[in-house]
Every structure is written in structure tokens, then in C-alpha cells.
Amino acid sequence: MGISLSDVEQALESVDEKYIIDHHQKSIRTPCENPPGHYDDIIEFYKSELSAIGMKASVVGTSHWPSILGRLRGSEGKPSLIFAGHMPTVPVGPREKWTVDPFGGEIKEGKIYGRGSIDQRGGITASIAAAKAVIDSGVKLRGDLLILGFSGAGSVTTGVEWLVKNNPQTVRADLGISTEPT
């Protein structure tokens with residue numbers, strides 16, 4: 001990305017823990033289970049969050065397999081880095097088996113609980129929080145920073161597959177980090 005150790009330290013000083021907790025709870029409270037894969041609410045949530053922190057946010061993909069892409073332009077465009085993770089979760093299953101509301105984002109003993117708290121909302125939250133810290137710190141990147149939230153979950157990752165096959169320039173980057181915890 002073309003940043004120095006002092007830039008990293010400056011960005012780390014700008015990490016907003018309250019933002020991370022609030023954002024993560026809101027993401028858990030925005031259900032999107034796959035199946036059935038209704039993406040409107042989660043797309044709008046991430047589009048709003050990415051825009052609010054200062055990234056250009058756009059919906060890419062198809063109406064059936066939409067993805068959200070946030071981009072922070074660097075001064076030279078390269079090297080570019082993309083963080084990628086799926087937006088939907090697997091279905092919650094029988095609610096009576098849950099000890100908390102699966103869409104509550106409840107904090108217990110310092111941990112946030114709910115469907116997707118780790119897989120995959122945690123990774124996307126971390127990516128957005130990192131981008132926010134860079135922006136808030138004033139660090140200037142040489143390369144572009146991209147955050148992709150794609151449709152599909154588990155073994156069904158159709159949204160990112162469609163983008164790679166049909167619109168690869170949208171998600172092309174020099175480096176990539178999958179935020180999948182497994």
C-alpha cells in the first residue's frame with residue numbers, strides 16, 4: 001500500500017473502538033441469511049457505512065447476486081489491496097436452540113453475540129474499521145484500498161464468482177485478504 005511504519009502507528013492511534021462495537025452490533029442486527037439471500041437491507045447498511053467513513057461505495061454484480069464495493073483511492077492507484085468477505089450468514093435454524101437473540105448483537109462478558117458475529121460480519125467490520133482508521137488518521141495511501149462484501153455464504157459464493165468471471169476489473173487488486181475466519 002506504500003505506507004511507512006509511522007503511518008501504520010498513526011492509523012493505529014485512530015482506531016475507534018466505540019465505532020467498531022456499534023458498527024458490529026448494527027451489522028448483526030441487519031439479517032441476511034442465505035438461503036434465501038435477500039440482500040437489500042445488508043447492501044444498504046454497508047453502502048451507508050462505507051460512504052459515511054469516506055469511501056466511494058457502489059453496488060456491483062447482478063440484482064440476484066449483488067455485492068457492495070468500497071474504494072478509497074490512493075495517489076498512484078498501486079499497489080492496491082482488497083479485503084473481501086461474504087455479507088450473508090447461514091440460516092439461524094431453530095430459534096429455541098439459541099441462548100441469545102441471533103440478531104441482537106448482545107454483549108456478554110466482553111463478547112458480541114449473534115449470527116455472523118464471527119462468520120462473516122466480524123471480518124467485514126474489521127476491514128471497515130481499518131479503512132476508517134486510515135482515513136481518520138490522515139494517512140495518504142499510494143495504492144487503492146478496496147472492501148468487497150459479496151453475496152453467497154458457505155459453499156455458495158456466487159456473487160464473487162460472477163464478478164471475477166464477468167467484471168474482473170471491478171475487483172482486481174495487487175493484494176487480497178479474505179476475511180473468512182475458517
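Helix α2 of this predicted model runs over residues 17-28, and its length can be checked with simple arithmetic. At 1.5 Å a residue, its 12 residues should span 16 Å; the C-alpha atoms at its ends lie 17 Å apart, so the two values agree. Look at the start of α2 and you will find a side-chain oxygen of D16 within 3.3 Å of the backbone nitrogen of K18. Further along, Y19, H23, H24, Q25, S27 and I28 are the buried residues of this helix. Their cover includes α3, β4 (106-108), β5 (111-113) and α4.

From here we can turn to the interior. The largest nonpolar core holds 26 residues, and Y46, M87 and I128 have the most contacts inside it. At least two residues of this core come from each of α3 (40-53), β2 (66-72), β3 (77-86), α4 (121-137) and β6 (143-150). Helix α3 is the biggest contributor, giving six residues. Apart from this core lies another, of 10 residues, which include V60, L148, F150 and L163.

M87 is a good place to pause. Not counting neighbours within four places in sequence, M87 is in contact with Y39, I42, I43, Y46, P66, S67, I68, R121, I124, G149, F150 and S151.

Finally, take a look at S51, which is found in helix α3. Is it buried or exposed? With a relative accessible area of 40%, S51 is partly exposed, because that value falls between the limits of 20% for buried and 50% for exposed. Its C-alpha atom is separated by 17 Å from that of F150, a residue 99 places away along the chain.

Note on methods: Residues are numbered from 1 along each chain as its sequence is written. This is a predicted model: local features need pLDDT of at least 70, side-chain atom pairs count only at pLDDT 80 or more; totals for chains, interfaces and linings use all residues. Side-chain values use heavy atoms; hydrogens and water are left out. A nonpolar core is a set of buried Ala, Val, Leu, Ile, Met, Phe, Trp, Tyr and Cys residues joined through side-chain atoms within 4.5 Å. Buried means under 20% relative accessible area, exposed over 50%, partly exposed in between (1.4 Å probe, protein chains only). Helices (H or I, at least four residues) and strands (E, at least two) are DSSP runs, numbered from the N terminus. Contact means heavy atoms within 4.5 Å. The expected span of a helix is 1.5 Å times one less than its number of residues. A polar contact is a pair of N or O atoms within 3.5 Å; within protein, one must be able to donate a hydrogen and the other to accept it, and residues adjacent in sequence count only if both atoms are side-chain atoms.
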